[in-house]
Amino acid sequence: MPGNGSAELLTWASRELATLEATYLITPAFGDYWRSLKAFDAQVVPCPMPIGIETDIAVAKEGFAAARLCFPEMAGKMGLLLNNPHNPTGKLFAADAIAPLLEQFALVVVDEAFMDFLLPEQQQSLIDQVQNHANLVILRSLTKFYSLAGLRLGYAIAHPDRLRRWQQWRDPWSVNVLAAAAGIAGLGDLPFQQRTWEWLSQARSQLFEGLSALPGLQPLPSVANYCLVQSEQSAVQIQQELLHNSRVLIRDCLSFPELGDRYFRVAVRTLEENQRLLSGLAEVLQRSPLD
Ligand SMILES: Cc1ncc(COP(=O)(O)O)c(C=O)c1O
């Protein structure tokens with residue numbers, strides 16, 4: 001089912017999650033999960049994922065195992081909302097690690113908004129499980145990989161009965177004709193997909209290595225088109241100075257309560273733009289915070 005961005009479909013998934021006793025949510029979590037779950041007064045149980053471990057690999061085996069410890073054994077009346085790859089850390093959960101949870105939880109919603117950034121053979125999608133699991137919902141977005149944020153287009157893959165129910169709830173005509181046309185063109189554009197994968201692996205390595213070399217910064221390995229960076233100095237101060245000196249805006253992580261002022265997130269961009277970010281950061285960091 002196409003939607004007005006995956007955010008619209010998340011709203012309907014959350015309406016269903018809210019009918020359950022509780023929804024388990026790995027944190028830090030994308031802010032819109034809180035918005036949509038709260039809109040229907042869902043009970044949310046945050047499950048913290050330690051992010052300071054596994055700095056050498058992007059697949060969050062230990063982090064996922066640690067977050068799983070908070071899932072109840074008897075979860076027959078509970079829901080689970082997962083994000084894979086995970087925003088804001090850029091970590092990937094193995095499909096094999098998620099699949100057993102389909103037997104445990106009444107409803108599992110997996111937001112795969114950033115999955116397209118992985119090569120097809122590296123993706124850990126659960127789409128092929130939908131056929132056998134009526135309690136699974138997959139959300140995908142065209143905002144990220146296809147850079148179509150303003151057009152608003154995403155889709156859900158789930159049991160047809162569930163999607164028919166959602167159809168009764170939503171506003172009519174939620175996907176506009178331009179978004180539909182761009183979506184069809186984008187999804188069929190194999191050369192664009194190939195170019196994007198080639199660009200990303202090169203540009204992300206350059207960014208990761210450049211950030212690692214800067215004093216006081218520790219980027220987390222990411223499979224997505226962004227990178228979460230741990231900082232010894234205040235991220236907000238770095239953000240302000242970088243904006244002032246270089247006209248580059250990095251995203252602070254104050255909206256993720258678990259991260260606060262010692263983290264920021266940066267997008268992977270072109271090689272030149274990444275270099276501009278790295279040079280700007282180097283300039284800011286070489287000054288003492290008291291200067
Ligand atoms: C993890 C995640 N899921 C979903 C979305 C929403 O995407 P869309 O533009 O398709 O509504 C975002 C957007 O930032 C996101 O970060």
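Reader: In this predicted model, how far is an oxygen atom of the ligand from an N or O atom in the side chain of R152?

Author: The model is predicted, so the value is computed from modelled atoms. The pair to look at joins an oxygen atom of the ligand with an N or O atom in the side chain of R152. A polar contact asks for such atoms to lie within 3.5 Å, and here the distance is 2.8 Å.

Reader: How much of the ligand's area does the protein bury?

Author: One starts from the ligand taken alone, which exposes 400 Å². Of that exposed area, the part that the protein buries is 89%.

Reader: Which residue has a polar side-chain atom 2.5 Å from an oxygen atom of the ligand?

Author: There are 14 residues that surround the ligand, and the closest are S6, D111, S141, T143 and K144. With S6, it is a polar backbone atom that lies 2.7 Å from an oxygen atom of the ligand, so that S6 does not fit a question about side chains, by the wording of that contact. The residue whose polar side-chain atom lies 2.5 Å from a ligand oxygen is T143.

Reader: How many residues in the shell around the ligand are charged?

Author: Sorted by class, the shell around the ligand contains five nonpolar residues and six polar ones. The remaining class in that shell, the charged residues, has a count of three.

Reader: How far apart are the C-alpha centres of domain 1 and domain 2?

Author: The domain assignment of the chain places domain 1 at 2-187 and domain 2 at 191-286. Between the C-alpha centres of these two domains the distance is 25 Å.

Reader: Which three residues supply 29% of the area that domain 1 buries against domain 2?

Author: The area buried between the two domains is about 2,000 Å², and carbon and sulfur atoms give 69% of it. On the side of domain 1, three residues supply more of the buried area than any other three, and they are P88, F117 and F145.

Reader: How many salt bridges are counted between domain 1 and domain 2?

Author: Across this interface, seven residue pairs are in polar contact. The side of domain 1 that touches domain 2 has 17 nonpolar, seven polar and three charged residues. For salt bridges between the two domains, however, the count is zero.

How values were computed: Residues numbered from 1 in each chain as written. Predicted model: local features only at pLDDT ≥ 70, side-chain atom pairs only at ≥ 80, totals over all residues. Heavy atoms only, no water. Near = heavy atom within 4 Å. Polar contact = N/O pair within 3.5 Å; in protein donor to acceptor, adjacent residues only side chain to side chain. Areas by Shrake-Rupley, 256 points an atom, 1.4 Å probe, with all protein chains shown as cover. Nonpolar A, V, L, I, M, F, W, Y, C, P; charged D, E, K, R; others polar. Domains from an automatic or database assignment. Buried area = accessible area lost by both parts, 1.4 Å probe. Salt bridge = Lys/Arg side-chain N within 4 Å of Asp/Glu carboxyl O.
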